[in-house]
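The exercises below ask you to read a protein model step by step. Keep the sequence and the structure in view while you work.

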Amino acid sequence: MGVANSSFIKACYGRNSGKIPIWIMRQAGRYLPEYLKVREEVSFQQLCRSPKIIAEVVDQPIRRFDLDAAILFSDILTMLEPMGLDVSFPDGGPKISNPISTIDDVRRMRPINPVKDLSFALDGIREIKKILPDVPLIGFAGSPFTLACYLIEGQGSKTFNSAKKFLHQSPDVAEELFDFLADALAAYLRTQIEAGAETVQLFESWGGILSHDDFARWVIKPVNKIFGKLSDLKIPRILFVNNVAPYLDLLKDLDSEVIGVDYRTKLNQAMTALPNKAVQGNLDPTVLFGTPEHVKEKTLQILDSLENYDRLIFNLGHGILPETPLESVKILVDTVHNYRN
Ligand code: CP3
């Protein structure tokens, strides 16, 4: 069949006339018993540095479910380590022991050479393509703003107020930081494609906390810069925004093929507001904790609300949660695949 003719890649370009494709954010991970088994032997960070085990855990959800795309196993914070940041996951959540706050901190960050500094992830991609040559592979990274949130806060947060304040207290330092990150991200995503990934997704997990103006300046502008630098590669570029609804007018003209939509936003509203893009989403991950009938009903509710299925990639509206019942995932995938054949 070939990856170029897969339902996933065709849907990215708005010309899928067959079965609706589905993949699941965080599809390789802690809800899978076989992933937990691997994690008994290796830490999360060791795993991210082991190309063969990366390929194994990427393959796990594909073997179990009839998913239409695979995603590299890594983390958005991994690329910060060769820049000189001390990243760890002490209690599961991320921690940066040397967060940044001044222009000197920004200037101390080392420019990365992804081929040398992130070779384990690129080798992971090559190992994945050996096992899954015909499954579209998604490379990924975090958006500049989402990375800045962790860089400045040093850990997770509900509001990331210190990162938001930073943009207003030190806009010039922030500009320099975002330029630095945008260059590194464009270089890293390019090497992921060169290693064998067929598409890339940027995770804007925290941009949804910004004012409309700030979203234009700190999300749209740098993401356009990154995606613009990849335009010669002729691959679909996906931006996932958690809490996308307030910014649909700005995203309409983003230099990207696909917008990932969170579960708060009405998918039909996003599709109407983004007429020239594919959309990806957006079942609430907690729906999967309901009965099988409930999972089916809620999935059909989204599907029935839409008018165009040629530019739809089904997904959850955020990452799948630990302890999600595996039967629910199967029902979700079957419901999407049987909707239009
Ligand atoms: O299957 C996949 O989607 C690929 C793997 C992947 C991971 N992290 C592995 C991971 C991806 C795409 C990410 C992206 C990521 N990482 C995001 C953006 C997506 C989102 O959820 O909005 C963010 C914000 C991070 C930062 C991060 N990494 C957090 C907040 C945490 C701890 C909480 C959590 O969600 O697990 C991590 C750790 C992490 N990244 C784990 C995994 C599988 C858990 C590690 C483990 O215990 O095995």
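**Exercise 1.** Locate R26 in the chain, and then describe its backbone and its link to the ligand.

*Solution.* Begin with the place of the residue: R26 belongs to the loop that runs between helix 1 (7-12) and helix 2 (33-41). Next, look at the backbone of this predicted model, where phi of R26 is near 65°, a positive value in a residue that is not glycine. Finally, turn to the ligand, one of whose oxygen atoms lies 2.8 Å from a polar backbone atom of R26.

**Exercise 2.** Describe the surroundings of the ligand, starting with its site and ending with how much of its area is covered.

*Solution.* First, identify the site, for the ligand sits in the largest pocket. Second, consider the shell, in which 22 residues surround the ligand, with R30, Y35, D75, S205 and H318 as the closest. Third, sort this shell by class, which gives 12 nonpolar, six polar and four charged residues. Fourth, examine two side chains: an N or O atom in the side chain of R39 is 2.8 Å from an oxygen atom of the ligand, and a polar side-chain atom of S205 is 2.5 Å from a ligand oxygen. On its own the ligand has 860 Å² of accessible area, and the protein covers 88% of that area.

**Exercise 3.** Find the cis peptide bond and say which strand holds N282.

*Solution.* The cis peptide bond joins G281 and N282, and its omega is about -15°. To place N282, look in strand 8, which covers residues 278-283.

**Exercise 4.** Does the radius of gyration of the chain agree or disagree with that of a compact globule?

*Solution.* Start with the secondary structure, which comes to 15 helices and nine strands. Then take the extent of the C-alpha trace, which spans about 55 × 45 × 40 Å along its principal axes. Because a compact globule of 341 residues would have a radius of gyration near 20 Å, the 19 Å of the chain agrees with it.

Definitions and conventions: Residues are numbered from 1 along each chain as its sequence is written. This is a predicted model: local features need pLDDT of at least 70, side-chain atom pairs count only at pLDDT 80 or more; totals for chains, interfaces and linings use all residues. Side-chain values use heavy atoms; hydrogens and water are left out. A residue is near a molecule or strand if one of its heavy atoms lies within 4 Å of it. A polar contact is a pair of N or O atoms within 3.5 Å; within protein, one must be able to donate a hydrogen and the other to accept it, and residues adjacent in sequence count only if both atoms are side-chain atoms. Accessible areas come from the Shrake-Rupley method with a 1.4 Å probe; for residues, only the protein chains shown count as cover. On a 1 Å grid over the protein atoms alone, a cavity is a set of points where a 1.4 Å probe fits but cannot get out, and a pocket is an open set with protein on both sides within 12 Å along at least five of seven lines; lining residues have an atom within 4 Å of a point. A molecule sits in a cavity or pocket if more than half of its atoms lie within 2 Å of its grid points. Ala, Val, Leu, Ile, Met, Phe, Trp, Tyr, Cys and Pro count as nonpolar, Asp, Glu, Lys and Arg as charged, and the others, Gly among them, as polar. Helices (H or I, at least four residues) and strands (E, at least two) are DSSP runs, numbered from the N terminus. The radius of gyration is taken over C-alpha atoms; the globule rule is 2.2 Å times the number of residues to the power 0.38.
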